[in-house]
Amino acid sequence: MAGKQADRPRALEETLRRLSLVADGALLCAVVNEDGLALAVHPNDGQTGSHNQALNGETLAAVSARLAGMAQFCLERLAQGEMGRLLVEGEAGALLCCPAGDVTLALLVDKDASLGHALFAAGKAAAEIIAILAED
């Protein structure tokens with residue numbers, strides 16, 4: 001049992017690595033708990049090579065957890081049920097948050113990315129994350 005739990009971070013990182021390969025235009029992705037802490041990030045902060053200081057796993061985790069929590073609160077308040085996904089578009093790109101059980105998958109994509117493709121790939125990755133975290 002302890003062996004499978006020790007493998008979870010590696011399995012989560014591998015899922016994020018595959019997501020970043022499949023979702024064209026993916027800049028950064030993370031598995032985030034409700035407290036805004038990243039359980040896994042890809043690419044790792046030291047690997048982004050970005051000139052943008054704000055583009056890091058810690059910031060993505062904090063922002064996406066806050067947004068996902070606010071979105072869920074709003075949906076509950078308006079009697080719209082559970083959040084299916086959250087998409088925030090900006091001039092330089094978009095942030096996509098998908099629930100994955102008790103955590104959130106956050107994906108930051110470039111402005112030229114195919115959002116439909118990113119949404120599909122993120123949905124599949126979220127299902128993998130649920131399965132990884134459900135393992136005993």
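In this predicted model, the buried residues of helix α2 are covered by a set of elements that includes the strands β1 (26–32), β2 (38–42), β3 (86–89), β4 (93–100) and β5 (103–110). The residues tucked away here are Gly57, Leu60, Ala61, Ser64, Ala65, Ala68, Ala71 and Gln72. They sit on the same side of α2, because together they take up an arc of only 140° around the axis. That spacing fits a simple rule: an α-helix has 3.6 residues a turn, so residues three or four places apart point the same way. Turn to the face of α2 that looks away from the buried side, and the exposed residues Glu58, Arg66, Phe73 and Arg77 show up.

As for its length, α2 runs over residues 57–77, which makes 21 residues. From first C-alpha to last, α2 reaches 30 Å, close to the 30 Å expected at 1.5 Å a residue. Both ends have something to look at. At the N-terminal end, Asn56 acts as a cap, with a side-chain oxygen 3.1 Å from the backbone nitrogen of Glu58. Glu58 is also one of the exposed residues on the face turned away from the buried side. Just past the other end of α2 comes Ala79, with a positive phi of about 55°.

Back to the strands, and to two of those that help cover α2, β1 and β2. These two run antiparallel and are joined by four bridges. Val32 stands opposite Ala38 of β2. The hairpin that β1 and β2 form has five residues between the strands, and Gly36 in this hairpin takes a positive phi near 85°.

Key. Residues numbered from 1 in each chain as written. Predicted model: local features only at pLDDT ≥ 70, side-chain atom pairs only at ≥ 80, totals over all residues. Heavy atoms only, no water. Expected span 1.5 Å × (residues − 1). Buried < 20%, exposed > 50% of the residue type's maximum accessible area, 1.4 Å probe, protein only. Arc of directions from axis to C-beta. Contact = heavy atoms within 4.5 Å. Polar contact = N/O pair within 3.5 Å; in protein donor to acceptor, adjacent residues only side chain to side chain. Pairing = 2+ DSSP bridges.
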